[in-house]
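Student: I have a model open and I'd like to learn how to read its strands, helices and core. Can you walk me through it?

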Amino acid sequence: MQSTFWGSHGRAVCLLIMVSLGLSSGLGYTTERVVLVIIDGLRYSEGMGDATHAQVPNMAALAEQGALVGDFQNDGFTYTSRAVPAIWCGAWTEMNTFNDPFCNGTANSSSELPSVFEYYRKQLDKPAEDCVYTLKNLCSWKASLDPDYGMDYWPLYHEAGATDTDVWHETEQVISGLAPHFLLMYLADVDSRGHSGNWDDYLNAISIADSLVGELWNTLLADTAYAGKTTMLVTNDHGRHDYDFTGHGDGCLGCRHIQLLAIGPDIQSGLVSEIPRTIPDIAPTIGELLGFTTEDATGTAMLELLNPTAGTEKPEGGITPSSIALERLYPTPFNSELSIEYELEESHQASIRIFNLRGEQVWTSDLASDGPGVHTLKWNGRDQNQNELASGIFIVQLSNQHLSHSQKVILLK
Ligand SMILES: [Zn+2]
Ligand SMILES: [Zn+2]
């Protein structure tokens with residue numbers, strides 16, 4: 001497992017496990033569709049960071065039903081042409097110039113690394129109409145030309161209109177007409193209003209973007225294709241300077257601190273997560289929910305935002321499986337020994353498996369000799385060969401033939 005140091009601005013540097021793959025698919029999330037919204041250049045202090053939420057009442061209300069990452073940052077380039085591709089790719093990617101056939105053959109940029117669109121479409125065999133990127137009428141930067149992915153798996157770029165409100169109306173048509181399982185709506189006006197230097201225009205653009213996010217969520221709730229099975233993520237590519245709202249692009253906290261709001265059936269309600277996260281974590285989180293891997297991503301899925309019961313497999317219809325339950329994991333975080341308390345109804349064919357965030361099994365124990373009842377198993381935080389594992393998040397899974405229950409634990413060295 002690779003690890004790297006993460007930190008910025010003299011704040012506490014913390015050890016974060018950087019892994020490239022989400023968990024394997026099929027863990028049974030309720031989420032079937034994901035909608036991602038990017039609001040360009042919204043500084044946190046005028047958004048969710050303003051305690052009165054004056055410009056963002058809709059997003060503040062959504063955050064109460066969903067989850068917010070308290071410390072979400074752009075940890076790379078704080079400008080759009082690099083940060084938006086980092087959101088799609090789950091990594092800070094180079095951008096290459098190419099002659100874009102969808103842009104009259106003019107020079108354009110494509111990402112070096114594959115994007116979330118390409119992972120989604122190729123791995124799940126989805127048509128472009130099921131993966132739509134709505135934005136205003138401009139020749140957008142394109143996804144990758146990676147030989148394993150590339151143009152055959154690009155999203156349907158739906159470019160129309162000139163304002164965020166236009167983009168929303170187009171998005172509304174896309175939702176009712178195509179009902180894609182993956183939709184990205186990109187709102188550009190907050191950044192351009194900020195650059196214009198008019199403070200009131202900038203605040204007004206934030207209020208408009210906020211009300212469009214509210215309308216979007218209400219539209220999803222009213223649409224039978226989306227209601228109850230859609231997760232929405234709302235983020236920014238970058239903020240704006242602490243010292244000058246008209247610009248951005250350096251490493252000041254105003255440029256770095258941005259928003260990650262998540263709401264949906266698998267997302268915890270009312271959570272403000274304390275675990276610091278960054279832009280590359282978005283694409284792996286989408287992959288985790290929809291069941292594809294983001295193999296070139298450097299970020300990791302934000303499992304801490306999910307309901308503890310999310311991601312557990314449901315029994316197949318018609319079978320009455322013998323019950324198993326993961327009762328308790330303690331302490332968490334743990335340092336030297338984790339106690340895993342579980343209950344079995346029958347004594348055969350159950351096992352405990354522990355995975356890292358790459359989805360690799362690091363340890364397993366067969367529970368065949370346990371009778372019915374409650375048992376406690378100890379795990380010493382080492383792999384099967386008794387090698388020490390690095391600090392990080394691990395998934396403890398109790399399963400039998402038909403059922404599987406998972407919980408996250410944190411190993412802190
Ligand atoms: Zn800008
Ligand atoms: Zn700045």
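Student: How many bridges join strand 16 to strand 17?

Tutor: Start with the general idea: strands of a sheet pair through backbone hydrogen bonds, either parallel or antiparallel. Keep in mind that this is a predicted model. Here, six bridges link strand 16 to strand 17 (residues 338–344), and the two run antiparallel. For one pair to click on, take R328, whose bridge partner in strand 17 is E341.

Student: Which strands make up the sheet with the order 16-17-20, and which are its edge strands?

Tutor: That's an open sheet of three strands, with antiparallel pairing. Strand 16 (324–330) and strand 20 (373–379) are the edge strands, each pairing on one side only. From one strand to the next, the twist averages 20°.

Student: What is the strand order in the open sheet of eight strands?

Tutor: Read across, the order is 9-8-10-3-11-13-4-14, and the pairing is mixed. Strand 9 (156–159) and strand 14 (271–273) sit at the edges with a single partner strand each, so one side of each has no neighbour in the sheet. Neighbouring strands of this sheet are turned by 15° against each other on average, ignoring direction.

Student: Let's zoom in on strand 10. Which way do strand 8 and strand 3 run relative to it, parallel or antiparallel?

Tutor: Take strand 8 (residues 131–135) to begin with: four bridges join it to strand 10 (residues 182–187), and they run parallel. Within that pairing, V132 stands opposite L183, and T134 has M185 as its bridge partner. Strand 3 (residues 33–39) also pairs with strand 10 in the parallel sense, over six bridges. There, V34 has F182 as its bridge partner.

Student: Are the faces of strand 10 covered or open?

Tutor: Both are covered: F182, L184 and Y186 are buried on one side, and L183, M185 and L187 are buried on the other. That fits the tally for strand 10, where six of its six residues are buried.

Student: What does L187 touch?

Tutor: Leaving out residues up to four places away in sequence, L187 touches V37, I38, I39, D40, D164, V167, A209 and L212.

Student: Which residues have the most contacts inside the largest nonpolar core?

Tutor: They are V37, I87, L187, L216 and L261, in a core of 103 residues. Helix 6 (residues 199–221) gives the most to this core, with nine residues. The core also draws at least three residues from each of domain 1 (4–305) and domain 2 (324–411).

Student: I87 is on that list. Which helix 2 residues are buried?

Tutor: T80, R82, A83, V84, P85, A86, I87, W88 and C89 are. Helix 2 (residues 80–89) is mostly covered, with nine of its ten residues buried. Right after helix 2 comes G90, with a positive phi near 70°.

Student: Now helix packing. At what angle do helix 5 and helix 6 pack?

Tutor: As a general idea, two packed helices are described by the angle between their axes and the distance between the axes. In this case, helix 5 (residues 189–196) and helix 6 pack at about 175°, with axes 8 Å apart. That angle makes helix 5 roughly antiparallel to helix 6.

Student: Which residues make the contact?

Tutor: From helix 5, D189, V190, R193, G194 and S196 take part, and from helix 6 D201, Y202, A205, I206, I208 and A209 do. You've met A209 already, as one of the residues touched by L187.

Technical notes
Residues numbered from 1 in each chain as written. Chains lettered and ligands numbered in written order. Predicted model: local features only at pLDDT ≥ 70, side-chain atom pairs only at ≥ 80, totals over all residues. Buried ≥ 20, exposed ≤ 12 C-beta atoms within 10 Å, placed from the backbone. Core = buried A, V, L, I, M, F, W, Y, C linked by C-beta atoms within 7 Å. Domains from an automatic or database assignment. Contact = placed C-beta atoms within 7 Å. Pairing = 2+ DSSP bridges. Axes fitted to C-alpha atoms, helices over the stretch in contact; angles between N-to-C directions. Parallel < 35°, antiparallel > 145°, perpendicular 65-115°, else oblique.
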